[in-house]
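This report walks through one protein, beginning with its general layout and ending with a few chosen residues. Please keep the sequence and the picture at hand while reading.

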Amino acid sequence: MSGLSNKILTFCLLCAVPTVYAQSTVSVYGVVDTGFGVMKGKGQQTSVQAVSGGNAASRWGLTGKEELGSGNYVKFILEQGIKVNNGAPQTAGVLFDRDSLLLVGGSAARAL
C-alpha cells in the first residue's frame, strides 16, 4: 500500500470510532452557623464573643459526579468542618474531617 492509501485508511478508521462525551458536575455547598455570646458576672465587665456552630456545625464541601460512559460513573463528597471565628479547620491537621467518600458504579459487565 502506498503512503496515501495508509493515510486514507487511518482517517476512515478514526472516523468510524464513536466519540464519547462525558458529563461531569461539581457543586460547592456550605453552612455557616455563628452567633454572639454575652457574659456578665456580678461586679464584672460584660464579655462579648463570637460563637461558632451554636445550632449546627459550620462546614463547606464539594460534591460531584463524572459520567464515564456506558452507564458507568464516579461520585465524590468532600466535606470540611470550619470554625467561623477564625477560619481554622474544625479538627486541626485533618483535611475533609467531616466526610470524604468516593463511589464508583455503573451497569453490570455484559458477556461478550
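## Overall layout

How many helices and how many strands does the protein have? The model, which is a predicted one, has one helix and six strands. When the chain is followed along its sequence, these elements appear in the pattern α-β-β-β-β-β-β, in which the helix is written before the strands.

Of the 112 residues in the protein, 10% are buried, where buried means a relative accessible area under 20%. Among the contacts with a separation of 6 or more, 45% are made by residues that stand 24 or more positions apart.

## The sheet

Four strands come together in an open sheet, and their order across it is S1-S4-S5-S6, with antiparallel pairing. The edges of this sheet are formed by S1 and S6, each of which pairs on one side only. From one strand to the next, the twist averages 10 degrees.

Strands S1 and S4, which run antiparallel, are joined by eight bridges. One residue pair can be followed here by name, since the bridge partner of Thr25 in S4 is Lys65. Lys65 also lies over the face of Tyr73, at 4.7 Å from the ring centre.

## Tyr29 in an edge strand

Tyr29 belongs to strand S1, which covers residues 24-31. Is Tyr29 buried, exposed or partly exposed? Its relative accessible area is 29%, and because this value lies between the limits of 20% and 50%, Tyr29 counts as partly exposed.

Once the neighbours within four places in sequence are left aside, the residues in contact with Tyr29 are Arg59, Trp60, Gly61, Leu62, Thr63, Ile77, Leu78 and Glu79. With Glu79, the side chain of Tyr29 forms a polar contact of 2.5 Å. Another residue in that list, Trp60, is 31 residues from Tyr29 in sequence, while the C-alpha atoms of the two are 5.6 Å apart in space.

## The aromatic pair

Which two residues form the one aromatic pair of the structure? The partners are Trp60 and Phe96, whose rings are 5.9 Å apart from centre to centre, with 65 degrees between their planes, an arrangement described as edge-to-face. Trp60 is found in strand S4 (residues 59-69), whereas Phe96 is in the loop between strand S5 (72-81) and strand S6 (99-105), so the pair ties together parts that are 36 residues apart in sequence.

The two partners can also be described by their accessibility. Trp60 has a relative accessibility of 33% and therefore counts as partly exposed, while Phe96, with a relative accessible area of 17%, is buried.

## Gln80 in strand S5

Gln80 has its place in strand S5, and its relative accessibility is 5%, so this residue counts as buried. What does Gln80 touch, if residues up to four places away in sequence are not counted? The residues are Ser58, Arg59, Trp60, Pro89, Gln90, Val94, Leu95, Phe96, Asp97 and Arg98, and this list includes both Trp60 and Phe96, the partners in the aromatic pair.

With Asp97, Gln80 also makes a polar contact from side chain to side chain, at 3.3 Å.

Key:
Residues are numbered from 1 along each chain as its sequence is written. This is a predicted model: local features need pLDDT of at least 70, side-chain atom pairs count only at pLDDT 80 or more; totals for chains, interfaces and linings use all residues. Side-chain values use heavy atoms; hydrogens and water are left out. Helices (H or I, at least four residues) and strands (E, at least two) are DSSP runs, numbered from the N terminus. Buried means under 20% relative accessible area, exposed over 50%, partly exposed in between (1.4 Å probe, protein chains only). Contact means heavy atoms within 4.5 Å. A polar contact is a pair of N or O atoms within 3.5 Å; within protein, one must be able to donate a hydrogen and the other to accept it, and residues adjacent in sequence count only if both atoms are side-chain atoms. Rings of Phe, Tyr and Trp (its six-membered ring) pair if their centres lie within 6.5 Å; planes under 30 degrees apart count as stacked, over 60 as edge-to-face and the rest as tilted. A charge sits over a ring if NZ of Lys or CZ of Arg is within 6 Å of the ring centre and within 35 degrees of the ring normal. Two strands pair if DSSP finds at least two bridges between them. Axes are lines fitted to C-alpha atoms, for helices over the stretch in contact, and angles run from 0 to 180 degrees between N-to-C directions.
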